[in-house]
Amino acid sequence: TFFKSRNRPLKYDRRTNSDFVFAIGLNNAIIDGQSLEDSPYKIGGSRFAELGWQWRTRVFKNSNFMRFNYGFSFQFNGLKPKNNQYFVVENGQAELQEFEFDLKKSKFRMDNLVFPVHFEFGPSKFRKTEKTIRYSLRNQFRLGLGGYGGFNLGTRQKLKYNRNGENVKDKLKRGYNTTNFVYGLSAYAGFDGVLLYAKYDLNPIFKNAEVEQHNISLGLRFDL
């Protein structure tokens, strides 16, 4: 099968291509009634990462100005609480409380599997030979608008602290009452495969929360 695939004839007009997607940047939460400046999470210390695969299909037969992008991604959204705090669940509510020891590290992470969908706009270079026609996005501006939906795969908390002269690392994997189904809006813009990327969860981080929090991310995305 390997040699057969290598000897397969070139497709004259290939309307669908695929890319590996990698993104990284800052993460935080929008809390009802509070500004981002008053966030209980560290602005620089809270980060996100995303790994995935996407397919890009030309919408119109004789124009590549609009593309329909779809695929799957693993998102890792991290929050680092300020002021020596960590998450606990009491009476069905996830809330921040002060830890009894001096925390060297407090990190809360949500791992999601999502299925992004974007409409992508931008020019491309048209190349035609006797055997093929191709549209190249190399060094071209791109703008993508869309969203995603998927599932929370797991939530974990990592604590590092010193207790009676002993360094302790706690890795706690629990539900923390986080929302099972995640969905949101996302957008990106840039040149070639380097893009400014933003995403916002429309679902609250915690189920049945008295004060809703929504995850928000801003960073760089690389389509490789």
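# Exercises on a predicted β-rich chain

Gly190 counts as buried, at 11% relative accessibility. The model used in these exercises is predicted.

## Exercise 1. Place Gly190

Task: find the element that holds Gly190, and list its contacts beyond four places in sequence.

Solution.
- Step 1. Locate the residue. Gly190 lies in strand E11, which covers residues 181–191.
- Step 2. Check burial. The cut-off for buried is under 20% relative accessible area. Gly190 has 11%, so Gly190 counts as buried.
- Step 3. List the contacts. Setting aside neighbours within four places, Gly190 touches Gln140, Phe141, Arg142 and Leu195.
- Step 4. Take one of these partners, Gln140. Gly190 and Gln140 are 50 residues apart along the chain, yet their C-alpha atoms are separated by 8.3 Å.

## Exercise 2. Describe the whole chain

Task: state the make-up of the protein chain, then decide whether it is spread out or compact by the globule rule.

Solution.
- Step 1. Count the elements. The chain has one helix and 13 strands. In sequence order the helix leads and the strands follow, as in α-β-β-β-β-β-β-β-β-β-β-β-β-β.
- Step 2. Compare the radii. The radius of gyration is 22 Å, and the globule rule gives 17 Å for 224 residues. The value is well over the rule, so the chain is more spread out than a compact globule.
- Step 3. Look at the box. Along the principal axes, the C-alpha atoms fill roughly 75 × 40 × 30 Å.
- Step 4. Look at burial and surface. Of the 224 residues, 42% count as buried. The accessible surface comes to about 13,000 Å², and carbon and sulfur atoms hold 56% of it.
- Step 5. Look at contact range. Among contacts with a separation of 6 or more, 67% join residues 24 or more positions apart.

## Exercise 3. Classify two ring pairs

Task: the structure has 20 aromatic pairs. Classify Trp55–Phe72 and Tyr86–Phe99.

Solution.
- Step 1. Pick the descriptors. A pair of aromatic rings is described by the distance of the centres and the angle of the planes.
- Step 2. Recall the cut-offs. Planes under 30 degrees apart are stacked, those over 60 are edge-to-face, and the rest are tilted.
- Step 3. Classify Trp55–Phe72. The centres are 6.4 Å apart and the planes stand at 45°, so the pair is tilted. Trp55 is in strand E2 (residues 47–60) and Phe72 is in strand E3 (residues 63–79), 17 residues apart. Trp55 is partly exposed at 32%, and Phe72 is partly exposed at 31%.
- Step 4. Classify Tyr86–Phe99. The centres are 4.9 Å apart and the planes stand at 80°, so this pair is edge-to-face. Tyr86 is in strand E4 (residues 85–90), while Phe99 is in the loop between strands E5 (93–98) and E6 (103–121). Tyr86 is buried at 18%, and Phe99 is buried at 10%.

## Exercise 4. Follow Tyr41 into the core

Task: name the ring cluster that contains Tyr41, then list the largest nonpolar core.

Solution.
- Step 1. Trace the rings. Ring pairs join Tyr41, Phe87, Phe108, Tyr176 and Phe206 into a cluster.
- Step 2. List the core. The largest nonpolar core has eleven residues: Ala29, Ile31, Tyr41, Leu79, Phe87, Ala94, Phe108, Met110, Tyr176, Ile205 and Phe206. Strand E1 (16–31) and E6 are the elements that give two or more residues to this core.
- Step 3. Check the contacts of Tyr41. Beyond four places in sequence, Tyr41 touches residues including Ala29, Ile31, Leu79, Phe87 and Gln213.
- Step 4. Note the other core. A second, separate core has seven residues, among them Val88, Phe99, Leu159 and Val168.
- Step 5. Add the background. In soluble globular proteins, nonpolar side chains tend to be buried together.

## Exercise 5. One arginine, two rings

Task: which rings does Arg221 lie over?

Solution.
- Step 1. Take Tyr188. The charged end of Arg221 sits over this ring, 4.2 Å from its centre.
- Step 2. Take Tyr197. Arg221 lies over its face, at 5.7 Å from the ring centre.

## Exercise 6. Two positive phi values

Task: state where Asn83 and Asn208 lie, and say whether each is buried or exposed.

Solution.
- Step 1. Recall the usual sign. Most residues other than glycine have a negative phi.
- Step 2. Take Asn83. Its phi is near 55°, a positive value. Asn83 is in the loop between E3 and E4, and is exposed at 62%.
- Step 3. Take Asn208. Its phi is also near 55°. Asn208 is in the loop between strands E12 (194–201) and E13 (213–223), and is exposed at 68%.

Notes
Residues are numbered from 1 along each chain as its sequence is written. This is a predicted model: local features need pLDDT of at least 70, side-chain atom pairs count only at pLDDT 80 or more; totals for chains, interfaces and linings use all residues. Side-chain values use heavy atoms; hydrogens and water are left out. Rings of Phe, Tyr and Trp (its six-membered ring) pair if their centres lie within 6.5 Å; planes under 30 degrees apart count as stacked, over 60 as edge-to-face and the rest as tilted. Helices (H or I, at least four residues) and strands (E, at least two) are DSSP runs, numbered from the N terminus. Buried means under 20% relative accessible area, exposed over 50%, partly exposed in between (1.4 Å probe, protein chains only). A charge sits over a ring if NZ of Lys or CZ of Arg is within 6 Å of the ring centre and within 35 degrees of the ring normal. The radius of gyration is taken over C-alpha atoms; the globule rule is 2.2 Å times the number of residues to the power 0.38. Contact means heavy atoms within 4.5 Å. Accessible areas come from the Shrake-Rupley method with a 1.4 Å probe; for residues, only the protein chains shown count as cover. A nonpolar core is a set of buried Ala, Val, Leu, Ile, Met, Phe, Trp, Tyr and Cys residues joined through side-chain atoms within 4.5 Å.
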